[in-house]
Amino acid sequence: MKRLCKFFASLCVMLMLGITIFSGQSWGSNACSGLVLSKGATVDIATGVFPGIVHDGNRIVISYASGNDLYVRPYDTQFNPLAAATRITNVGNVTDHKHIFFQGYHYITYSTIADKDLYLIKLDTGFNQVGTTVTVTANSTTTFSNDMLLGQDSTHLITGQFRPSDKNGGQSSGHLIKRYDADLNYIAPDIVANAFAHTNTASIGLIRDMIYIVAPSTPIQGGQVRTQRNLLLLRFDKTTWAAKDSTAITLVDSNSMTHANDGDGIWMSTGLTYDTGNACMFVGHTFSNGAGGSDGGDIYLRVFDGNTLTQTYSEVMVSSTSANRVHFLLGDNTLYAVYDENAVIKALKYTLTYAKTSKLTGSDFNNDGKTDVLLQNSQTWIKYNIHGIFRVVP
């Protein structure tokens with residue numbers, strides 16, 4: 001008790017002297033830049049396309065389309081199946097879908113042939129449908145239902161349909177957002193998220209208490225080919241959907257990449273997850289193979305510092321002319337990924353190791369003219385001990 005009193009008394013003195021005290025959260029950029037990724041083997045999951053991956057609190061669940069219906073199947077962390085696949089639709093015309101696990105239930109939105117209809121369903125952890133199927137849109141003339149968005153703002157479900165300029169009187173291309181409560185009741189009004197023009201095949205996430213949308217830009221002027229696109233981050237207030245930035249944030253300048261043919265370009269930025277403790281954002285996208293005339297190509301994995309949004313790591317995680325639609329799941333210092341290639345659902349994982357970063361004690365790390373004191377938490381390794389001595393934790 002005396003030692004604790006001495007510790008807190010020392011903290012009070014430091015505060016009175018104007019000494020800055022940092023927590024580990026401020027060390028996110030160091031942890032992210034020191035990240036080491038160890039890639040595992042690729043596993044074939046099923047015959048199908050349009051994969052999704054979530055964790056239901058007990059197991060990984062992978063969803064996919066096969067024979068124009070949707071299936072889900074549980075797996076362990078080594079991608080060993082734990083039960084047979086369950087068919088969750090019986091309509092025979094499903095194309096794309098998105099899948100999240102929210103407040104104890106699976107939520108899946110799916111589109112159908114013709115790219116005009118979008119539906120939303122809720123499943124329990126036994127994959128039984130709860131309630132009726134909700135029609136998000138039917139026979140739409142202003143949006144595309146494929147490559148939809150599905151996320152949450154901590155209270156509501158969020159669906160997004162791409163809203164192109166040419167179908168909306170020349171307005172900026174963006175997404176039409178519709179919200180639902182956990183029982184699939186619609187929450188008015190519709191929201192048009194087009195503060196900054198972007199294209200389809202985006203991803204969405206609730207990150208740092210904001211809505212993040214990662215999307216390809218519209219084709220850039222004067223590009224190497226007509227389909228050259230940058231990779232953008234669009235941030236919105238999770239309640240009002242007001243844009244949080246004055247311009248879109250360019251995550252990847254496509255001039256750094258070689259585009260040989262029309263059709264080449266950044267596309268399908270469907271992989272998005274965020275490590276809050278280490279302030280690392282993981283993004284996955286394809287680089288479409290224009291010569292092949294499809295959306296597929298190489299799949300890139302990119303890591304961004306969550307504080308500065310600078311790229312700290314990138315690699316071609318799948319070298320291919322036809323890989324597509326990567327989705328991520330993050331848990332227990334492991335990044336899980338699923339994608340489809342030549343009508344086969346594939347999965348792989350990375351083990352994440354965050355290198356410990358040490359600095360000399362007694363320094364002014366943030367250049368504010370005051371000596372900084374760093375206290376240990378889950379991501380800080382310089383510790384103030386209760387005798388008033390600083391030491392680096394091994």
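Is Cys280 buried or exposed? Cys280 is buried, with a relative accessible area of 0%; here buried means under 20% relative accessible area, exposed means over 50%, and partly exposed covers what lies in between, with a 1.4 Å probe and protein chains only.

Before we go on, a word on the ground rules. The model is predicted, so local features need pLDDT of at least 70 and side-chain atom pairs count only at pLDDT 80 or more, while totals for chains, interfaces and linings use all residues. Residues are numbered from 1 along each chain as its sequence is written, and side-chain values use heavy atoms, with hydrogens and water left out.

## The disulfide

The structure holds one disulfide, a term for a pair of cysteine sulfur atoms within 2.5 Å. Its partners are Cys32 and Cys280, with an S to S distance of 2.3 Å. Cys32 lies in helix H2 (residues 28–33) and Cys280 in strand S21 (residues 280–288), so the bond ties together parts that are 248 residues apart in sequence. Helices (H or I, at least four residues) and strands (E, at least two) are DSSP runs, numbered from the N terminus. Like its partner, Cys32 is buried, at a relative accessible area of 2%.

## The sheet from S8 to S11

Let us turn to the sheets. Two strands pair if DSSP finds at least two bridges between them. One open sheet has four strands in the order S8-S9-S10-S11, with antiparallel pairing. Strand S8 (94–102) and strand S11 (134–137) stand at its edges with a single partner strand each, so one side of each is left without a neighbour in the sheet. From one strand to the next, the twist averages 25°; the axes behind such angles are lines fitted to C-alpha atoms, for helices over the stretch in contact, and the angles run from 0 to 180 degrees between N-to-C directions.

Within this sheet, S9 and strand S10 (residues 118–123) pair in the antiparallel sense over six bridges, and Thr109 stands opposite Leu120 in S10. Thr112 is a good residue to look up here: it lies in strand S9 (residues 105–112) and is buried, with a relative accessible area of 4%. Leaving aside residues up to four places away in sequence, Thr112 touches Asn93, Val94, Thr95, Asp117, Tyr119 and Asn146, where contact means heavy atoms within 4.5 Å.

## The sheet from S16 to S19

Another open sheet of four strands follows the order S16-S17-S18-S19, and its pairing is antiparallel. Strand S16 (203–207) and strand S19 (249–252) are the edge strands, each pairing on one side only. In this sheet the twist averages 30° from one strand to the next. Strand S18 (residues 231–237) and S19 are joined in the antiparallel sense over three bridges, with Leu231 opposite Val252 in S19.

## Strand S13 and its partners

What about strand S13 (residues 157–163)? Seven of its seven residues are buried, so this strand is largely enclosed by the rest of the structure. Leu157, Thr159, Gln161 and Arg163 are buried on one side, and Ile158, Gly160 and Phe162 on the other, which leaves both faces covered.

Five bridges join strand S12 (residues 144–152) to S13, and the two run antiparallel. S12 and S13 form a hairpin with four residues between them, and Ser154 in the turn has a positive phi of about 85°. S13 also pairs with strand S14 (residues 174–180), antiparallel again, over seven bridges. Leu157 links the two pairings: Gln152 stands opposite Leu157, and in S14 the bridge partner of Leu157 is Tyr180.

## Aromatic rings

The structure holds six aromatic pairs. Rings of Phe, Tyr and Trp (its six-membered ring) pair if their centres lie within 6.5 Å; planes under 30 degrees apart count as stacked, over 60 as edge-to-face and the rest as tilted. Two of the pairs are listed here.

| Aromatic pair | Centre to centre | Angle between planes | Class |
|---|---|---|---|
| Phe102 and Tyr107 | 6.3 Å | 55° | tilted |
| Phe236 and Trp241 | 5.3 Å | 40° | tilted |

Both Phe102 and Tyr107 are buried. Phe236 counts as buried at 3% relative accessibility, and Trp241 does so at 6%.

Charges over rings deserve a look too; the criterion is NZ of Lys or CZ of Arg within 6 Å of the ring centre and within 35 degrees of the ring normal. Lys122 lies over the face of Tyr105, 4.2 Å from the ring centre. The charged end of Arg325 sits over the ring of Phe50, at 4.2 Å from its centre.
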